[in-house]
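Here is a short report on one protein chain. It covers the fold first, then the internal space.

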Amino acid sequence: MSLINFNYLQEKESKIPIITDKILVDLVNSIQVNDELITFRQNHGLSGQFFDNLTGADRNRQLAIDKNVNVAMQSLHSWVLDIADNLNVSNNAIITIEEKLIETRQAIRNQRQEINLLQDIVNQLQHKVEDHEHRIRKLEQRVYRTEVQHKIEDAIAAWQSKRTYKNFHWAIQVAFVTREIVDYALGDYERLITKDKDSQLRQSISDRILATDNTIPDHHFPLTNLLNLSYSETSPDNRELAGYLLEVESISEQRIGKTPYLFTLGKTLELSQLPKEHQPENPAETAFYLCCRYPNTMIYPATSKREFVERIVNETASDRLNLITLV
């Protein structure tokens, strides 16, 4: 970048001619001498003037005046020439400064263009970095999703092979295996990766669970029938354990509104453990109507195998996700 060379300007300034003291002294002295001679002539008497004419003194004074005027004119001429030289040199210096200023302005423009170009390059690189980060996140999500799917497959495979939850009714087993999947795989995935529910992954879980039992009908049937089977085909000890694990005794109304099927299942098991004299004739029906009493609760008297599994999966996943978020 070209900038003003101040050393160069100082060098130019040093070359500017300065009016000498001798010229000014000569000019002033000439003016003073002439003034004194002229004043003397004006104040001289007639006899003095006559005597001066005879002796030639007046002529000498006139020649001195003329000489002084000539010296003064020469000094003035030199002064004018020096002033003209000064003006020329000053004009040249101003022209040089203007040229340097123009060069500086152009250099600044060029630098600004370079800065804008660099900024464009930075923006492009930032965009590429963000694009790479987005791709990396997508790849990480795919890898994590694959890991989650493997965990889901392992949990369902263990369940299918009767290694887990084998002493519980199928409806209770659905709730338990879903909770296992959510707690050890799906919950963290939805909380950390998707920031929301993964409908496709939840649907795949439902489909895998649906394929594990052929005794529950696919068509619609009373929900209370399935709930009554859930406790009648489970031993009393396991009933108590299942009711405890489903945690329906002290949950808030807000959670009941979001988990009506899980609440009704757990409430059915809880009512079935009451003493005979306090136990309702139909625990599942009583649990169903208790659930319906809570506001904003969406639960229907009829269900199907698919609808029940999908509701249990979604309620469990959403409830566990909300609990983790609150913590």
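Helices here are DSSP runs of H or I with at least four residues, numbered from the N terminus. The model is predicted.

**Fold**

The chain has 12 helices and two strands. Along the sequence they follow the pattern α-α-α-α-α-α-β-α-α-α-α-α-β-α. Of the contacts with a separation of 6 or more, 77% link residues 24 or more positions apart.

**Burial and surface**

The chain counts 327 residues, and 33% of them are buried. The exposed area is about 21100 Å². Carbon and sulfur atoms supply 54% of that area.

**Cavity**

How many cavities of 30 Å³ or more does a search of the whole structure find? The search finds one. Its volume is about 150 Å³. The lining of this largest cavity holds 14 residues. Closest to the centre are Arg179, Leu246, Arg255, Leu262 and Asp319.

Which helices each supply at least two residues of the lining? Three are listed in the table, with their residue ranges.

| Helix | Residue range | Share of the lining |
|---|---|---|
| H5 | residues 170-194 | at least two residues |
| H10 | residues 260-272 | at least two residues |
| H12 | residues 305-326 | at least two residues |

By class, the lining is mixed: seven residues are nonpolar, two are polar and five are charged. Arg179, Arg255 and Asp319 are among the residues closest to the cavity centre, and Arg and Asp count as charged. Leu246 and Leu262 are also in that closest group, and Leu counts as nonpolar.

Notes. Residues are numbered from 1 along each chain as its sequence is written. This is a predicted model: local features need pLDDT of at least 70, side-chain atom pairs count only at pLDDT 80 or more; totals for chains, interfaces and linings use all residues. Side-chain values use heavy atoms; hydrogens and water are left out. On a 1 Å grid over the protein atoms alone, a cavity is a set of points where a 1.4 Å probe fits but cannot get out, and a pocket is an open set with protein on both sides within 12 Å along at least five of seven lines; lining residues have an atom within 4 Å of a point. Grid points are joined across faces, edges and corners, and a volume is the space filled by probe spheres set on the points. Buried means under 20% relative accessible area, exposed over 50%, partly exposed in between (1.4 Å probe, protein chains only). Contact means heavy atoms within 4.5 Å. Accessible areas come from the Shrake-Rupley method with a 1.4 Å probe; for residues, only the protein chains shown count as cover.
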